[in-house]
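User: Please go through the packing and internal spaces of the model below, one question at a time.

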Amino acid sequence: SEVQLIINFLKILQWFFMTEDNTTLTPEEGRLVYRFGRDFKSSTFGKFGGFLQTNVSIIPSDFSSDYELFCKLNSAACPLLSKSSPGQLDCPFAINSDIRTDLAAYQTYIDGKPSCDAEVDLLNYPWGNMVTFHLGCSFSFDAKLAEGGVQLDTSRDCPLLLTNIKCLPAGRLTGNMIVSIRPIPQHLLEKVVNLTLNLDFAHGAPIHVGDPSEIGVLIDETGLIRGDYCGDISIKEDEVPCFWACGYSSVIAAINAKIPICFSQYLNSLFPTDIPLYDAERMFNSPQYPSATVFCIDKVKQRYTLVSKITYHTLSKLSETVSVEEDLHLPRICLGISTRSKSVGIFIGSKCDNLDGVIHIARALQSIGAEVTILCTTCKEILKEFLCACRIQGLLHENVALYDVSLNENIADISHLISITPESFSKLGTITEIKLSENNKLVNDNTTFRCLSITAGCFAIAAGLYFARKCAVHDRYVRNGLGTPKVYCNSDFAMSPESEQKMYSLLGEKRFPVKECSSVNRSVRMVLELEE
């Protein structure tokens, strides 16, 4: 209307003489400021509090199907909120918007290379074949964190980091995940996770908490992390680095695809929408997760994982079925092994008197997709026959590698080492943690050793791994938000009594010692049945 045009004209005059303090602008005002060339290349971190902000990618329609699939496969990094029709100029989340003018700055990519000219005039570019994608962004919930008592330093930009996490490819689009980082005081970790947990449309909960090196990010001895984009950041002694998947991952994938020409926002210069965050929570169909806890696996190495409080309670119930040392309980072992154990070595004692426990653990590890290697010091040939028979009988899901460490065989790298050596412990049923100095060379320096003993403990661990992976909060965390949740079956982890009898028969045939703990295993099965 004419009245609205006059109001906008007066606002433009006001903005023309505006000071540098523009943090109180509404999204509509911000878009008009950007449209008329003020605030060029400015970050929207800490601005437009309480409103949804989006990453923007504009690509030729020939690549739009691949791009859309990439977003669906990597939804934590690329939560797709809208896809335009070819040539469409407006955004469904913003009135009077024009995607060609309403960002603080744009970046052009030609055949995968960024153009040197960031002041792009898209008004003169032929638009009929271009498709615009809006992806949710974590900047949307920073005001919610502040309202919840978590104050972030918005006086500097939010660094973006390239990780070693490989996004799932889609056609011609592929690349590693980009993350944003926010240092969070230790005592506020759980609050931050629960405030963001059900906001998957804006990246949701962090995909990694703690040690940056686990995702390929370097931190120096002073706590400084050098960002790949948008500056550096220092982690204070009482802070824990938290990493959120970032929509810039899709830009990296588009660059790798060498699309002839495409556009995106310039780094952290996001698109401010008119949608309040509380409305967005109702608009977008994000999964609703149960209340979560941030569990510390290793305080020294800052290894953390996420799990629902309900699942943690279930794991604690399992602890009651076996004798557990106070300083290292069963939940820590289950969650420690479950959290990104890609390749696991199981070291067995010289007496080979706990092979039933080895099979229980190996079966459960294979169910979570880990590669299993058995490390022995004797009886290799008989062990090989026994393991092959277990695979044929369906007691193991896959073949396992077998090495005799006393022969200095060349062993592939393993991420976790489990020791099942009951002769090392005085208590029957103890689950504890030790380090095997003679095998330290097999494992990376960052590895936390998981060392279990006797059959009862191993069967409880197998059941615990099932409960951990069935937890939606934990499942999302361990897969870094990639792909879709996997459906797990408890019989894949914990053997049935019939399968267990088959295993004991095989052990008897090979004359290996058998130490059944049927009463304890029955207790574990009761927990499984009750929790199902």
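**Packing, cavities and a pocket**

User: Leaving aside its neighbours within four places in sequence, which residues is L365 in contact with?
Analyst: The model is a predicted one, so local features need pLDDT of at least 70 and side-chain atom pairs pLDDT 80 or more, while totals for chains, interfaces and linings use all residues. Residues are numbered from 1 along each chain as its sequence is written, and side-chain values use heavy atoms, without hydrogens and water. Contact means heavy atoms within 4.5 Å. On that basis, the partners of L365 are I337, V344, I346, A370, V372, I418 and L465.

User: Which helix gives the most to the largest nonpolar core?
Analyst: A nonpolar core joins buried Ala, Val, Leu, Ile, Met, Phe, Trp, Tyr and Cys residues through side-chain atoms within 4.5 Å; buried means under 20% relative accessible area (1.4 Å probe, protein chains only). The largest such core has 101 residues, and I346 and L365 have the most contacts inside it. Nine residues of this core come from one helix, α12 (residues 455-470).

User: How many residues are in the other core, which includes F63 and L160?
Analyst: This core lies apart from the largest one. C167 and C262 are also among its members, and its size is 43 residues.

User: What share of the protein chain counts as buried?
Analyst: The chain has 16 helices and 20 strands (DSSP runs of H or I with at least four residues, and of E with at least two, numbered from the N terminus). Among contacts between residues at least 6 apart in sequence, 79% join residues at least 24 apart. Of its 532 residues, the buried share is 58%.

User: What is the volume of the largest cavity?
Analyst: A cavity is a set of points on a 1 Å grid over the protein atoms alone where a 1.4 Å probe fits but cannot get out, and lining residues have an atom within 4 Å of a point. The search finds six cavities of 30 Å³ or more. Of the 14 residues lining the largest one, C137, F139, L160, C246 and N268 lie nearest its centre. With points joined across faces, edges and corners, and volume taken as the space filled by probe spheres set on them, the value is about 70 Å³.

User: Which helix gives the most to the lining of the second largest cavity?
Analyst: This cavity holds about 50 Å³ and is lined by L197, A205, P206, Y289, L306, V473, R476 and Y477. Three of its lining residues come from helix α13 (residues 472-478).

User: Is R476 buried or exposed?
Analyst: R476 is found in helix α13. Leaving aside its neighbours within four places in sequence, R476 is in contact with A76, D200, H203, G204, A205, P206, I207, Y289 and G481. Because its relative accessible area is 7%, R476 is buried.

User: Which element supplies the largest share of the lining of the second largest pocket?
Analyst: A pocket is an open set of points with protein on both sides within 12 Å along at least five of seven lines. The second largest has a volume of about 500 Å³, and of its 28 lining residues, S75, D200, S286, P287 and Y289 are the closest to its centre. The elements that each supply at least two lining residues are α3 (64-73), β2 (80-83), α12 and α13. With three residues, the largest share comes from α13.

Definitions and conventions. Buried < 20%, exposed > 50% of the residue type's maximum accessible area, 1.4 Å probe, protein only.
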